[in-house]
Amino acid sequence: MAAAAAGRRVVTLGGKGYSLTASSVFEVANGLARITIDSSALSRRTSSSSNLVGKFPFSICDYFTPEESRASVLLLLNNLLLSSSSSASSQLLEILKQDALSSDYTLNDVSSDDLTLLDYSVAAIDGVSAILDHRSSALASIADAVAAISCEALRADISSFNLMDSGDGSTAKDAVAVAADFKVFFNGSKFVNSGKKLVDSSVAEIPSLHGNFREISRLLHSKTRVQLNSGFRAGSAKDMSTALSSLALSLSNLGDSSFRRTELVVANSISVLELRSRISEMLAAKCPGADAMEELLASSQAAIGEKDYLRFVHNVYELLDVVRKVISWEAVAAFVSLEGSEIFAEKIQGDDGRMSEPSTGDTAKTDKKSEKKKKVVLGKGTAAFLQFIKDRLRGGATKTDLETYTHDIFSLLDPKGSGFDDLLAKVKEIVESNESRRLPKLPKGTRDFAKEQMAVREKAFAIIVEVFKRHGAMSLDTPAFELRETLMGKYGEDSKLIYDLADQGGELCSLRYDLTVPFARYVAMNGLTSFKRYQIAKVYRRDNPSKGRYREFYQCDLDIAGQFEKMGPDFEIIKILTELLDELDIGDYEVKLNHRKLLDGMLAICGVPQEKFRTICSSIDKLDKQSFEQIKKEMVSARV
């Protein structure tokens with residue numbers, strides 16, 4: 001569909017099997033590519049041109065930017081070419097070749113077939129949506145990289161990033177992916193999570209907000225791809241508005257978070273007074289604030305309420321551009337914070353408050369020292385990103401050059417700029433280098449046992465097994481997973497902590513939660529009337545473990561099934577417990593007993609419904625981990 005020509009990419013429409021992409025719309029709309037029509041489409045136009053009956057006037061919205069205007073005309077042309085006849089295609093192509101578009105046009109000699117298809121509003125919505133698709137996809141990657149250098153500048157506490165994946169499949173995948181990408185940026189950093197860590201919601205919410213923006217951008221891309229290659233469709237404006245409404249809200253959240261980090265960086269991380277003062281002045285004068293984003297979001301919501309879809313997509317377009325500018329200011333602030341002392345500080349203000357130039361020798365020493373320090377303290381990803389920016393900016397700096405640096409950073413982060421594609425490629429290269437992800441790690445709530453630990457555990461297990469055997473217990477091994485119906489409903493409220501497995505054999509299975517229920521299943525399945533067995537094996541809890549608790553751990557289980565002397569098995573269990581604790585030589589200990597029937601009786605006297613007994617017992621079991629007041633609140637407010 002595309003080939004190099006006349007120094008610009010060529011986008012050819014109307015060929016057999018062609019498809020239009022959002023990136024092609026962006027390039028044509030910004031003069032980065034030129035448009036042609038395939039000869040086969042022109043021949044179709046010639047063969048169907050016998051029925052020329054009318055004119056089609058249309059007006060480009062006066063509030064559209066040149067980019068939006070060209071995109072709307074391009075989609076008008078594309079939608080015609082997707083139909084069986086295309087009598088007006090050559091006229092639309094000539095319009096697109098103009099250096100500046102007018103507001104009003106009339107297509108002459110349009111066939112009756114085309115007149116029924118032409119709808120400028122639908123084309124405009126699709127065109128602007130394609131621009132939003134392309135730019136939001138790029139912004140997602142750039143926003144991540146900029147937020148990463150802000151976190152470095154802030155010496156931020158990013159420990160919450162490690163809590164995004166609970167391991168139970170219930171967390172947002174995009175938020176988890178964002179957190180993983182940031183680990184790549186921060187790999188080796190001595191700034192984040194060190195010293196006096198800054199804790200702020202604008203940092204903690206990065207994975208969630210950026211992940212949400214990724215998810216919505218992907219949804220928009222999916223819808224836009226259909227729109228660009230389906231021609232005029234009834235209801236398409238309403239269809240696109242659902243995705244764009246979500247995009248607008250996500251953009252507003254993204255911009256607000258970026259703006260707050262920018263303020264934090266300026267207030268806390270730029271140590272040179274003159275630099276901080278100058279950046280503050282520039283932000284106050286030029287950076288769009290939260291009010292601007294809120295106003296655009298409100299305008300877009302009002303437009304959608306009035307079903308003014310053209311105004312709506314334009315508001316979202318404006319909001320995206322404002323958010324891009326806010327993120328660019330965040331990049332400027334973080335860059336000055338991390339690099340300002342090397343580039344600007346000595347040239348802006350000396351110790352006596354006067355402007356001065358350091359000697360060449362001093363500068364060289366300072367540069368080498370600063371460079372070495374940054375290599376040590378910055379994450380490998382953020383260091384590579386900053387170095388790329390430095391390499392692209394102009395050399396040398398004086399006080400007035402701060403504005404030049406700011407302008408150059410803005411140009412670098414502008415999707416229309418010549419260096420933007422290289423910047424985007426660099427960010428993707430950093431993330432995909434994946435060095436930190438290749439470093440293996442354990443899932444939360446699990447642990448390895450080294451050879452020294454295993455030596456101790458094996459000795460302890462041997463002692464426990466010897467005591468079990470001394471009392472006539474036999475070993476039993478059961479599968480690590482059971483039919484889900486076997487496990488469900490056996491643990492009261494804790495049934496929600498059972499790990500379900502994906503169906504791979506026509507059965508619904510779950511990992512065992514303990515060893516007693518599988519034992520009961522074995523006894524029932526084999527018709528046993530008496531069995532004393534022991535089992536030492538791993539069990540699994542689908543929990544979000546706190547410190548000292550695990551999702552995979554061993555249980556040492558001994559159960560006695562059958563008819564025996566009253567209280568005999570109960571006494572023997574206590575005897576076995578004291579014997580193995582004595583032989584393990586753990587020191588002084590205390591054995592606490594409970595009796596479920598006594599507890600059930602107490603609950604009945606207190607008026608607890610019988611169907612709530614197991615649920616309340618689950619709360620009582622937490623008394624050794626939580627305060628009585630917490631358990632009381634849980635039982636009274638949430639459970640009964």
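Which residue in β3 is the bridge partner of Thr-12? In this predicted model, the bridge partner of Thr-12 in β3 is Thr-36, and this bridge belongs to a pairing in which strand β2, comprising residues 8-13, and β3 run in the parallel sense over five bridges. Strand β3 itself, which spans residues 33-37, has two faces that differ in their covering: Ala-33, Ile-35 and Ile-37 form the covered face, whereas Arg-34 and Thr-36 form the uncovered one. Such a pattern can be set beside the general rule that in a regular strand the side chains alternate between the two faces of the sheet. Thr-36, the bridge partner of Thr-12, is thus placed on the uncovered face of β3.

As regards the overall architecture, the secondary structure of the protein comes to 25 helices and ten strands, and of its 640 residues, 45% count as buried. When contacts between residues at least 6 apart in sequence are considered, 75% of them join residues that are at least 24 apart. One example of two residues separated along the chain is provided by Val-122 and Leu-75, which lie 47 residues apart in sequence and whose C-alpha atoms are separated by 8.7 Å. Val-122 is found in helix α6, which covers residues 120-154, and with a relative accessible area of 12% this residue is buried, because the cut-off for burial is under 20%.

The structure holds 13 aromatic pairs. In one of these, the rings of Phe-56 and Phe-58 have their centres 6.0 Å apart and their planes at 25°, so the pair is classed as stacked, and both Phe-56 and Phe-58 are buried. In another, formed by Phe-468 and Tyr-534, the ring centres are 5.5 Å apart and the planes stand at 40°, so this pair is classed as tilted. The latter pair links distant parts of the chain, since Phe-468 is located in helix α19 (residues 451-470) and Tyr-534 in strand β9 (residues 531-540), with their positions 66 residues apart in the sequence. Both members of this tilted pair are buried, Phe-468 with a relative accessible area of 3% and Tyr-534 at 8% relative accessibility. Phe-56 and Phe-58 also take part in a cluster, in which ring pairs link these two residues with Tyr-105 and Tyr-120.

Aromatic rings are also met by charged side chains. Arg-447 lies over the face of Tyr-550, at 4.0 Å from the ring centre, while the charged end of Arg-541 sits over the ring of Tyr-513, 3.6 Å from its centre. A further arginine, Arg-521, has its place in helix α21, which is made up of residues 516-526, and the side chain of Arg-521 is joined to that of Glu-482 by a polar contact of 2.8 Å. If neighbours within four places in sequence are left aside, Arg-521 is in contact with Thr-478, Pro-479, Glu-482 and Thr-486, so that Glu-482 appears both among these contacts and as the partner in the polar contact.

With respect to cysteine, a search of the whole structure finds zero disulfides. Cys-287 is buried, with a relative accessible area of 10%, and Cys-509 is likewise buried, with a relative accessible area of 13%.

How values were computed: Residues numbered from 1 in each chain as written. Predicted model: local features only at pLDDT ≥ 70, side-chain atom pairs only at ≥ 80, totals over all residues. Heavy atoms only, no water. Disulfide = S-S within 2.5 Å. Buried < 20%, exposed > 50% of the residue type's maximum accessible area, 1.4 Å probe, protein only. Helix = DSSP H or I, 4+ residues; strand = E, 2+ residues; numbered from the N terminus. Polar contact = N/O pair within 3.5 Å; in protein donor to acceptor, adjacent residues only side chain to side chain. Contact = heavy atoms within 4.5 Å. Phe/Tyr/Trp six-rings, centres within 6.5 Å; stacked < 30°, edge-to-face > 60°. Lys NZ or Arg CZ within 6 Å of the ring centre and 35° of its normal. Pairing = 2+ DSSP bridges.
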